[in-house]
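Here are a few exercises to work through with the model open in your viewer. Try each task before you read its solution.

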Amino acid sequence: MSKLINLIILAGLMFGAVSCFKEADEPEVINYTPEREAGIISDFIALAESEGIQMDTTDMGVFYVIFSEEEQDGALVQDGDSLGIIYRGYFPDNGLVFDQSSYWYEEGIWKFTFPTPGLIPGFNDAIAHLKEGDEGLFLIPSHLAYGVNGSGSIPPYSPLVFEIELKSIYEE
């Protein structure tokens, strides 16, 4: 999965680099608007499709694709399940990583009980579409992330991409 995702990111970075050439004295001003967000989402989905990846959409509006080594027989994550996941979050327009589980957790695995209060709604929705052993790529629109205000290093109207691998559903 990582090879495919890295290919998508590389193509996106190349697209972004070509569009960023400006005069040296002209600072880049980015208007974080719903129209800009819609363009980023559209471009990301089109890039995925050009690589043969068909993204589905959850009922909430998260775009996703699940990668499994083989057909998984297990059940989807349920409320109250104890999980171990590995994740990486980045911006779809430039590939800049803003968070990943290896920053915070031993062996890079975050262990928690699902759902977790305080998470962005799109992240909980993404996890709910995984079975043990699945890896997913999730594009979360800003209204299911940090919305019109943003948060910290995440600007307003920023869609986010998460790669999430459900390593285990475990007993506490």
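**Exercise 1.** Find the side chain that makes a polar contact with glutamate 163, and say where glutamate 163 lies.

*Solution.* Start from the contact: the side chains of glutamate 163 and arginine 88 are joined at 2.6 Å. A polar contact is a pair of N or O atoms within 3.5 Å; within protein, one must be able to donate a hydrogen and the other to accept it, and residues adjacent in sequence count only if both atoms are side-chain atoms. Next, place glutamate 163 in strand β7, residues 160-170. Strands (E, at least two residues) are DSSP runs, numbered from the N terminus. Finally, check the exposure: glutamate 163 has a relative accessible area of 9%, so it counts as buried (under 20%, with exposed over 50% and partly exposed in between; 1.4 Å probe, protein chains only).

Before going on, keep in mind that this is a predicted model, where local features need pLDDT of at least 70 and side-chain atom pairs count only at pLDDT 80 or more, while totals for chains, interfaces and linings use all residues. Residues are numbered from 1 along each chain as its sequence is written, and side-chain values use heavy atoms, with hydrogens and water left out.

**Exercise 2.** Work out which strands β3 pairs with, taking β7, β5 and β4 in turn.

*Solution.* Pairing requires that DSSP finds at least two bridges between two strands.

- With β7, β3 pairs in the antiparallel sense over nine bridges; there, serine 82 has tyrosine 170 as its bridge partner.
- With β5, strand β3 (residues 82-90) runs antiparallel, joined by four bridges. In β5, threonine 113 is the bridge partner of serine 82, and tryptophan 110 stands opposite isoleucine 85.
- With β4 (residues 97-100), β3 is antiparallel over three bridges, and glycine 89 has aspartate 99 as its partner. The hairpin of β3 and β4 has six residues between the strands, and glycine 95 there takes a positive phi near 75°.

**Exercise 3.** Is β3 mostly covered or uncovered, and which residues of β5 form its covered face?

*Solution.* Count along β3 first: eight of its nine residues are buried, so by the cut-off of under 20% β3 is mostly covered. Then split β5 (residues 110-113) by face: Trp110 and Phe112 are on the covered one, whereas Lys111 and Thr113 are on the uncovered one.
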